[in-house]
Amino acid sequence: MFLILIKLAWRNILRNKRRTIIASIAISIGLAALIFGDAFMIGMMENLIKTATDSFIGDAQIHQQEFRDTREVSMTIQELDEVGANLAKEANVQYFTRRTFAPGMIASSANRSAINLVGVQPSTEKLLSQIDDAIIGGGFFEKANEHDIVIGSKLAEILEVALGDKVVVTVVQAKSGDYFEDWFRVSGIYYFADAAMNSGMAFVRLKKAQQMLAIGPNVHEIAIKFTSTEYGQDKQVPFWKTYSQHGNEALSWTEILPQLPKVFAMSEYSKYIMGIVLFGVVIFGIINTLFMSLYERMFEFGVLRAVGTRSFGMARIVLFEAGALAVVSILLGAILGFVLTTIFANIGIDYTGNEMMGVTVQEFIYPVLTIEQFTVYPLAVFIFTIVAGLYPAWHVAKMSPVDAMRRSF
Amino acid sequence: MEQTQKTDVIVTEGVTKVYDADGIPVNALNGVDLTIQSGEFTAIVGPSGSGKTTFLNIISGLDAPTEGKVLLSGKVLSEMGGNELSDFRRDNIGFIFQAYNLIPVLTVEENVEYIMLLAGVPKAERHDRVVAMLETVGLKDVEDRLPTQLSGGQQQRVAIARAMVSEPAIILADEPTANLDSKTGAALLDMMSQLNAETGMTFIFSTHDPMVMESARRLITLCDGQIDTDEMK
């Protein structure tokens with residue numbers, strides 16, 4: 001029986017090819033839009049995570065507890081040597097680097113600006129962050145000069161300085177609270193689309209920063225890059241407990257940038273809402289198509305009913321047609337979605353410079369194809385189309401044969 | 001096939017049908033009492049509006065009477081539910097329509113096979129019966145063709161094969177020769193007459209065709225929803 005129903009459905013949807021093609025295109029565009037939208041969303045999330053973690057934050061950070069809230073210069077990481085030695089032995093830690101942070105003032109002969117002075121270890125900082133990649137003039141601590149300073153292009157513009165120009169940095173020392181100032185020469189200028197990094201940060205060598213802040217060999221932050229980003233999202237792994245001891249706290253990027261995972265979760269919902277709205281519109285097109293086909297063949301349905309097809313059997317004929325329409329549309333939509341996504345996955349979509357969820361996009365967004373897009377979404381479209389077929393099917397099932405065949409006897 | 005004993009296959013008792021035509025009641029049938037026995041070859045004739053169509057609809061269970069009772073092979077149609085009635089039609093009534101009304105997307109074989117599919121007849125048996133039936137109606141080599149690839153006469157032969165393949169007790173034929181030329185019509189009528197004689201199936205025709213009236217062995221004339229004459233030949 002199923003074979004004859006499939007034959008009936010397939011041949012019937014081919015009876016009016018133009019109408020089938022138009023309906024299929026409507027459904028397939030909906031599916032392709034879902035596939036592409038999802039691929040773009042995944043690409044955007046990966047891009048934002050990569051931007052957030054690779055540019056500076058890392059996959060995880062260790063600080064003294066409450067340092068992030070107070071930004072007190074004296075709140076350095078406890079038991080630093082032990083922490084460093086343990087991190088060096090962690091199999092899941094790819095790189096880590098030490099940093100100091102201090103609010104300060106930078107001044108040139110022309111202007112001054114408030115900054116966050118960051119002390120870095122150039123050799124490990126290069127492995128973890130992208131500041132060295134963002135250099136547009138000079139270099140990233142290429143010469144062993146303790147008076148080198150690397151600043152953002154916007155800060156250079158504010159200070160009206162260029163490479164080799166002299167600036168003075170003033171900070172407040174730990175414990176004593178005394179002001180301390182030292183001079184630097186601009187040895188590198190970087191550009192980040194992120195305005196805060198471009199205009200509000202200045203990088204000096206770690207030792208110089210420690211000396212200025214009078215914190216000895218201590219640091220405020222250890223930024224960590226794991227072998228996989230997923231490891232940094234897994235709060236069940238023992239890493240977090242191990243390094244949240246001695247008054248320190250180990251935080252993942254999801255805690256450092258809590259807005260990102262929240263917005264990603266919201267994006268998931270918005271994706272489904274978009275799908276429902278999209279197919280809510282398409283569903284009426286499907287109902288219309290099925291009804292048009294049904295009214296053209298009213299007499300045939302009357303004959304099928306008269307010769308003994310039960311109500312459910314009549315409904316099944318319509319549902320099989322809806323299914324056949326769905327299969328054709330899914331094939332078209334999957335091909336369209338695959339081609340469209342593949343093209344943009346190769347050429348990328350330029351969102352650079354746009355800030356999303358507090359993170360400024362640094363690179364092109366490359367949509368990502370997944371198996372789910374070609375399994376779950378087509379299945380959802382199939383179910384949607386069958387649901388759309390329920391009303392015409394019910395209409396046929398309750399149809400009186402004598403009404404349908406009024407022209408007969 | 002020799003008929004040994006005649007039974008009442010269709011019995012109507014006081015069948016009345018009143019239609020509502022925009023608020024005006026129209027009496028299509030007025031208390032029709034009729035008995036048709038197995039193996040009859042009967043023609044129901046009458047002018048347009050006499051109630052032929054309504055009568056055929058009611059005795060086939062496609063429509064329900066306003067009053068009265070219809071018994072088919074001893075079963076009261078009005079006492080059956082929707083699915084029971086569908087199954088009853090499938091197993092007991094074969095329909096032949098004026099405009100053939102084959103399913104255009106199904107091949108000749110699939111059209112004839114469809115009713116047996118509904119009845120759950122096994123595949124091998126279905127095939128054998130379709131082949132035999134198509135041979136009987138003289139359409140041995142066209143089983144893979146679509147109805148649109150056949151002449152009117154051939155399509156009506158397929159319709160006859162479809163009506164008879166499940167071996168129902170009753171064949172209801174609505175103007176079966178109306179769309180055919182007289183030669184083809186005569187040939188089909190001969191064929192149905194022969195099948196009636198061979199199988200003992202009851203044939204009931206609604207017709208205006210003098211040729212059908214002449215072939216019929218019983219002629220019932222309807223007029224204004226009532227039986228005017230009932231003549232056995």
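In chain B of this predicted model, four strands are arranged as an open sheet in the order β2-β1-β4-β5, and their pairing is antiparallel. The edges of this sheet are formed by β2 (24–37) and β5 (75–76) of chain B, each of which pairs on one side only. Strand β1 (residues 8–21) of chain B is joined to β2(B) by 10 bridges in the antiparallel sense, and within β2(B) the residue that stands opposite V11(B) is T35(B).

A parallel pairing is found elsewhere in chain B, where strand β6 (residues 93–96) is connected to strand β7 (residues 170–174) by four bridges. Within this pairing, G94(B) has I171(B) of β7(B) as its bridge partner. Strand β6 of chain B is covered on both faces, since I93(B) and F95(B) on one side are buried, as are G94(B) and I96(B) on the other.

Taken as a whole, chain B contains seven helices and 10 strands. Its radius of gyration is 18 Å, which agrees with the value near 17 Å that a compact globule of 233 residues would have, and its C-alpha trace spans about 50 × 45 × 40 Å along the principal axes. Of the 233 residues in chain B, 54% are buried. Among the contacts in chain B with a separation of 6 or more, 72% are accounted for by residues 24 or more positions apart. The accessible surface of chain B amounts to about 9900 Å², and carbon and sulfur atoms contribute 48% of that area.

Chain A comprises 16 helices and 12 strands. Chain A is more spread out than a compact globule, because its radius of gyration of 32 Å is well over the 22 Å given by the globule rule for 409 residues. Along the principal axes, the C-alpha atoms of chain A occupy a box of roughly 105 × 45 × 30 Å. Buried residues nevertheless account for 53% of the 409 residues in chain A, and of the contacts in chain A between residues at least 6 apart in sequence, 76% join residues at least 24 apart. The exposed area of chain A is about 18700 Å², with 60% of it supplied by carbon and sulfur atoms.

Part of the surface of chain A is a nonpolar patch of about 530 Å², made by I335(A), F338(A), V339(A), I343(A), I347(A) and L369(A). Of these residues, I347(A) is placed in helix α14 (residues 311–347) of chain A, and it counts as exposed because its relative accessibility is 52%, the cut-off being over 50%.

Charged pairs were examined next. Side chains of opposite charge can pair when their charged atoms come close. Over all chains, the count comes to 25 salt bridges. One of them is formed by E146(A) and K208(A), whose closest N and O atoms are 3.9 Å apart. Because E146(A) lies in the loop between β4 (135–138) and β5 (148–152) of chain A, whereas K208(A) belongs to helix α8 (residues 206–213) of chain A, this pair ties together parts that are 62 residues apart in sequence. The two partners fall into separate accessibility classes: E146(A) is partly exposed at 39% relative accessibility, whereas K208(A), with a relative accessible area of 4%, is buried.

A second salt bridge joins K235(A) to E255(A), with the closest N and O atoms 2.8 Å apart. This pair links distant parts of the chain, 20 residues apart, with K235(A) in the loop between α9 (229–233) and α10 (239–242) of chain A and E255(A) in helix α11 (residues 253–256) of chain A. Both ends are partly exposed, K235(A) having a relative accessible area of 36% and E255(A) one of 33%.

In a further salt bridge, E321(A) is paired with R297(A), and the closest N and O atoms are 2.7 Å apart. Since E321(A) is located in helix α14 of chain A and R297(A) in the loop between α12 (259–296) and α13 (298–306) of chain A, the pair ties together parts that are 24 residues apart in sequence. Here E321(A) counts as buried at 4% relative accessibility, and R297(A) is likewise buried at 6%. Finally, K50(A), D54(A), D59(A), K225(A) and E363(A) are joined into one network by salt bridges that share partners.

Notes
Residues are numbered from 1 along each chain as its sequence is written. Chains are lettered from A and ligands numbered from 1 in the order in which they are written. This is a predicted model: local features need pLDDT of at least 70, side-chain atom pairs count only at pLDDT 80 or more; totals for chains, interfaces and linings use all residues. Side-chain values use heavy atoms; hydrogens and water are left out. Patches are made of residues with over 30% relative accessible area and no salt bridge: like charges are joined within 9 Å, nonpolar side chains (Val, Leu, Ile, Met, Phe, Trp, Tyr) within 5 Å. Accessible areas come from the Shrake-Rupley method with a 1.4 Å probe; for residues, only the protein chains shown count as cover. A salt bridge is a side-chain nitrogen of Lys or Arg within 4 Å of a carboxyl oxygen of Asp or Glu. Helices (H or I, at least four residues) and strands (E, at least two) are DSSP runs, numbered from the N terminus. Buried means under 20% relative accessible area, exposed over 50%, partly exposed in between (1.4 Å probe, protein chains only). Two strands pair if DSSP finds at least two bridges between them. The radius of gyration is taken over C-alpha atoms; the globule rule is 2.2 Å times the number of residues to the power 0.38. Contact means heavy atoms within 4.5 Å.
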